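The exercises below are meant for someone meeting this structure for the first time, and each is followed by a solution that goes step by step. Please look through the sequence and the model before you begin.

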Amino acid sequence: MRSAARKLMHSFDAIVCRSFGGPEVLTYGARDALGSPAAGQVIVQMAAAGVNPSDTYVRLGPGGPYANNPKLIPTLPFTPGKDGAGTVVAVGDGVTGLTPGARVYTTGSISGTYAAYALCGMDQLHPLPDNITFAQGACVGVPCATAYRALHLRCKVQPGDTVLVHGASGAVGLAAVQLAVAAGCVVVGTAGTAAGEAAVRAAGAVAVNHREDAYVERAMASLPADKGGKFDIVLEMAAHANMLQDIVMLRHGGQLAVVGSKAEAVPFNPRLLMPAEVSIHGVFLSTASAAEKQQTHAALFDAMVSGALTPVVGVELPLSEAATAHKEVMQPSSGGKVGNIVLVV
């Protein structure tokens, strides 16, 4: 270990799951020391951890949506969390580009980010710009990278495209709005609450409430007259509920990116795709190649530095309230999602 910190040799606060199940399995307490990082590994003192819906799927284990994908289910016991931000405190042999004191955000962790310290591979860490807080940095890994993948890698967004972000007030949605605006698109975003609509407008899009009647017509009517009243791209966070309406809203050659969906069957007539030659893309961040990851995080860094992307923190909770955070990320007590949920360490 090229840099040592005595405190790393002692236990530290963390969330530990000793069984799979509901939020109650997220227990707060002391975790054993990490020891020294091995070659290619880095220890980060966490300042904040991001909470994503996928974290709840991991927590459910074989009883959740990842039941058919065992590679995504950890061995018990484990500390949850992929996203987070903090400061490098120790590095192992062979680590390059990272030194103690560096501000970083994580896109994965060997030991889990819901903790005071996290062991990461050096390829799971990325520089955090000085103009982005640690709480905001904890929101980059999954939400912002997913938004970038949907827009730039799956749909190949172009300046002037009309983009609908369906569910735009959530973590991925607000990142997608900002990135689409930065790409020179005409952007409309839907939300389910007044606070959500305000967040969508603040991110640079026209906002419509998807819980109100005729919101589809209002979304299309909000487009400039020369855009033909339909969208080039729709990013969908709840395809199980909205996919059929999304297809109707797309212009000829339009693209639907399915970012999120419950595991439910949808009555669907494939002929709906034919007249407008619509394409449907699945978006799954875990499939990104090494080259795609490099492109994504280089672009996100530049967007954050320029101010085009500022991750939105909606709720901050102490690490000890991880169970509450898991409930909120799936069923917000406010009635709708606004931004990211972050655990402050």
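## Exercise 1: Helices on the sheet

Helix H7, which covers residues 239-248, lies across strand E8 (162-166) and also across E11, E12 and E13, and it runs at about 165 degrees to E12. The model used throughout these exercises is a predicted one.

Task: work out in which order the strands of the open sheet follow one another, and which strands stand at the edges.

Solution. Begin with the sheet as a whole, which is open, has 6 strands with parallel pairing, and follows the order E10-E9-E8-E11-E12-E13. Next, look at the two ends of that order: strand E10 (206-209) and strand E13 (279-282) each have a single partner strand, so one side of each is left without a neighbour in the sheet. Between neighbouring strands the average turn is 20 degrees, with direction ignored. Finally, add helix H5 (residues 194-202), which packs on the sheet by touching strand E9 (186-191) and E10, and whose direction makes about 160 degrees with that of E10.

## Exercise 2: One pair of strands

Task: find how many bridges join strand E11 to strand E12, and which residue is the bridge partner of Phe231.

Solution. Strand E11 takes in residues 231-236 and strand E12 residues 250-258; the two run parallel and are joined by 5 bridges. Turning to Phe231, its bridge partner in E12 is Leu250.

## Exercise 3: Helix H3 and two helices that pack on it

Task: decide how H3 is placed against H4 and against H8, oblique or roughly perpendicular, and which classes of residue make each contact.

Solution. Take H4 to start with: helix H3 (residues 140-154) and helix H4 (residues 171-182) pack at an angle of about 50 degrees, and their axes are 8 Å apart. Angles of 65 to 115 degrees count as roughly perpendicular, and those under 35 as roughly parallel, which makes H3 oblique to H4. The crossing in which H3 passes H4 is right-handed. On the side of H3, the residues that meet H4 are Pro143, Cys144, Thr146, Ala147, Tyr148 and Leu151, while H4 brings Ala171, Val172, Ala175, Ala176, Leu179 and Ala180. Sorted by class, this contact has 11 nonpolar residues, 1 polar residue and no charged ones.

Now take helix H8 (residues 290-306), which packs with H3 at an angle of about 105 degrees, with the axes 10 Å apart. This angle makes H3 roughly perpendicular to H8. Among the residues in the contact are Cys144, Tyr148 and Arg149 of H3, together with Glu292, His297 and Leu300 of H8. By class, the contact of H3 with H8 has 8 nonpolar, 4 polar and 2 charged residues.

## Exercise 4: Around helix H1

Task: say which parts the salt bridge between Lys82 and Asp55 ties together, and how H1 packs with H9.

Solution. The structure holds 5 salt bridges, and in one of them the side chains of Lys82 and Asp55 meet at 3.2 Å, N to O. Lys82 lies in the loop between helix H1 (53-60) and strand E4 (83-91), whereas Asp55 belongs to helix H1, so the pair ties together parts that are 27 residues apart in sequence. The loop between H1 and E4 also holds Pro77, which is joined to Leu76 by a cis peptide bond with omega about -10 degrees.

As the last step, consider helix H9 (residues 322-330), which packs with H1 at an angle of about 120 degrees, the axes being 9 Å apart, in a left-handed crossing. The contact is made by Pro53, Asp55, Thr56, Tyr57 and Arg59 of H1 and by His326, Val329 and Met330 of H9. By class, 4 of these residues are nonpolar, 2 are polar and 2 are charged.

Conventions. Residues are numbered from 1 along each chain as its sequence is written. This is a predicted model: local features need pLDDT of at least 70, side-chain atom pairs count only at pLDDT 80 or more; totals for chains, interfaces and linings use all residues. Side-chain values use heavy atoms; hydrogens and water are left out. Two strands pair if DSSP finds at least two bridges between them. Helices (H or I, at least four residues) and strands (E, at least two) are DSSP runs, numbered from the N terminus. Axes are lines fitted to C-alpha atoms, for helices over the stretch in contact, and angles run from 0 to 180 degrees between N-to-C directions. Contact means heavy atoms within 4.5 Å. Angles under 35 degrees count as roughly parallel, over 145 as roughly antiparallel, 65 to 115 as roughly perpendicular and the rest as oblique. A crossing is left-handed if the near helix is turned anticlockwise from the far one by less than a right angle, and right-handed if clockwise. Ala, Val, Leu, Ile, Met, Phe, Trp, Tyr, Cys and Pro count as nonpolar, Asp, Glu, Lys and Arg as charged, and the others, Gly among them, as polar. A salt bridge is a side-chain nitrogen of Lys or Arg within 4 Å of a carboxyl oxygen of Asp or Glu.
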